[in-house]
Each structure stands twice: as C-alpha cells, then as structure tokens.
Amino acid sequence: MPNEIALFWLVAAGFFLFDNLVFVPAGHDMLRFGRKGRLRYSAHKRLEASGREVVLLNPLNLFDRGVLTTHCLGDLRPAAWRTGQRQVRRALPALNAFSWLGSTYLVIALVLAWASFRTDFSLCLLALILAHAVFWLIGLGLLLRRRHDLHLSGHEVFVFAAEALFVPAYLMNMGRRLVSRKKLDMPALGVGLHQLKRLAVGSVQRELLVYQLRERLATLETNLGLELDDTPTSSSHSQQQQWIQKARSCLTG
C-alpha cells in the first residue's frame, strides 16, 4: 500500500511541476513579476525542447509568474513599458488572490500527503477531494467576478474553470495560468538593459546581471546563427546583429 500511496502523490507532483514550466516560442521571450507586479527580466540559462526555450518557475512560490513578450531584441520604448506595467497591475489584484488561494491549497495538499502515510489513505483522499471542491468553487467565483480585469471571454472562463476542476495542479497555479497565454508588446532584453541601469555601479547584483545578460546575448546570437555571420543574408539579421552589438556596448560601458 505505501508504494501505491507514493505513486499517487508522485503523479500529482509531476502534474504540478510540469505546470510550472513556461515554454517560450522561438522569436519571443519572457518577463517575470511577483506580488508587487514589477516586471523584470531573468537572464538565467534555459533548457530547450522542440525548438522552444523552457523556463521553470519557482514551484514553492506561486507569486513567481512569467508572461511572454512579442519579441526578444530591441530598445524599450517608455510608452511600451508603461502600457505593459499598466496591463499587469490592472490584473494584479485578481492574480494575487488566485496565488493566495493556490498557496493555501498547496499547503493543505502537502499536509494531506504527509498524513496519508501515517493514517488511513482513504480519509486523506476524501479530505483532498472536499478541499478541491471548496477551492474550485472559490476560484470559480473569483473568475466570474474578475473576468473583466483579466480580459477573459466567457469561453476562456469556461476553459480555465473546466481545466481547474479536473486537474488540481491547474487550480493551484491559476494565478500563473491566467497570464500564461497573454503577450506583452515589448522587447524582453530591452527590459533587461533598463533593469541594469537601475542598479548601482560596482554592486554585486549589477555584476551578476551583466554576466547573465552577456551569456544570454551569446546564446541568442548562436541560436539566430549570427555569431560567425559577418555578412547577414537579410536585413532582419543585420538589425538583430547590430542591436546585439549595441547591447554588448551597454554592458561594458
């Protein structure tokens, strides 16, 4: 019996961990934001799968969220930055409410997982089902109440609610899933350079970010096939190469 119990929780954990992965399509990038809604660029190394980059969000902090951007390279325009921040902050109260709901649900699930090895598993399973029903009803109420702040159509509300009903991990991660299909019209690396300017010269945080951005630029250059291309075959590649060179000069300046 302990093996079957362990298998049950391992499968549940697998669903939860997989739902913390963000798949970034080629040509796009990702920004992160937390409880306060401040957009930031994470230049950590990323895995790749089927031509897409894969980013793992912190599974123990459901306020750690990722939102895709329409493009990666380019200068950040103040108007685009303000618009992106406004979009995020308008949805932030609803997203934080879902993250609090999911965090509470996650703690209860962890307690029940621990208890299931020490007491009757069927009782723990029943408690989990009841907890899921309660949290799903609360989540459904939040979806209906906040749909306009989240710019959700009736069909999208139905899809999110149905997914959360059948997959507990989706309900826990609702505060992330609600922004997972949105895109901000801004260059993610432009945000990274903007972020760098706010850090004190010589600080550890600045030096770390400079190193990460330099590595990120090298990775993108390789992925785009620009590293050895002195005579790009298209104006698009030429512009990308010029921007990468300008970004590097910002890192050394």
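This section describes a strand pairing, the largest pocket, the aromatic pairs and the cysteines of a predicted model.

Strand 1, which spans residues 21-24, presents two unlike faces: Val22 and Val24 make up the covered face, whereas Leu21 and Phe23 make up the uncovered one. In general, side chains along a regular strand alternate between the two faces of the sheet. The partner of strand 1 is strand 4 (residues 52-56), and the two run in the antiparallel sense, joined by four bridges. Within this pairing, valine 22 of the covered face is placed opposite valine 55 of strand 4.

The largest pocket encloses about 540 Å³ of space. Its lining comprises 24 residues, and those nearest the centre are Trp9, Ala12, Ala13, Ala109 and Met172. Two or more lining residues come from each of helix 1 (2-18), helix 2 (78-116), helix 3 (121-146) and helix 5 (168-172). Of these elements, helix 1 contributes the most, with eight residues. In character the lining of the largest pocket is nonpolar at 23 positions and polar at one, with no charged residue.

Five aromatic pairs were found in a search of the whole structure. In one of them, phenylalanine 8 and tryptophan 9 meet edge-to-face, with 5.0 Å from centre to centre and 80 degrees between the planes. Phenylalanine 8 is partly exposed, at a relative accessible area of 31%. Tryptophan 9, by contrast, has a relative accessible area of 14% and is therefore buried, the limit being under 20%. Ring pairs also bring in Phe121, so that Phe8, Trp9 and Phe121 are linked into a cluster. Tryptophan 9 thus appears both in this cluster and among the residues nearest the centre of the largest pocket.

A further pair is formed by phenylalanine 63 and tryptophan 100, which counts as edge-to-face because the ring centres lie 5.0 Å apart and the planes stand at 75 degrees, over the limit of 60. This pair connects distant parts of the chain, 37 residues apart: phenylalanine 63 belongs to the loop between strand 4 and strand 5 (65-71), and tryptophan 100 to helix 2. Phenylalanine 63 is buried, with 5% relative accessibility, while tryptophan 100 is partly exposed, with 49%.

The count of disulfides is zero. For cysteine 250, the nearest cysteine sulfur belongs to cysteine 72 and is 15 Å away, so a disulfide, which requires sulfur atoms within 2.5 Å, is absent. Cysteine 250 is partly exposed, at 37% relative accessibility, whereas cysteine 124 is buried, at 6%.

How values were computed. Residues are numbered from 1 along each chain as its sequence is written. This is a predicted model: local features need pLDDT of at least 70, side-chain atom pairs count only at pLDDT 80 or more; totals for chains, interfaces and linings use all residues. Side-chain values use heavy atoms; hydrogens and water are left out. Buried means under 20% relative accessible area, exposed over 50%, partly exposed in between (1.4 Å probe, protein chains only). Two strands pair if DSSP finds at least two bridges between them. On a 1 Å grid over the protein atoms alone, a cavity is a set of points where a 1.4 Å probe fits but cannot get out, and a pocket is an open set with protein on both sides within 12 Å along at least five of seven lines; lining residues have an atom within 4 Å of a point. Grid points are joined across faces, edges and corners, and a volume is the space filled by probe spheres set on the points. Ala, Val, Leu, Ile, Met, Phe, Trp, Tyr, Cys and Pro count as nonpolar, Asp, Glu, Lys and Arg as charged, and the others, Gly among them, as polar. Rings of Phe, Tyr and Trp (its six-membered ring) pair if their centres lie within 6.5 Å; planes under 30 degrees apart count as stacked, over 60 as edge-to-face and the rest as tilted.
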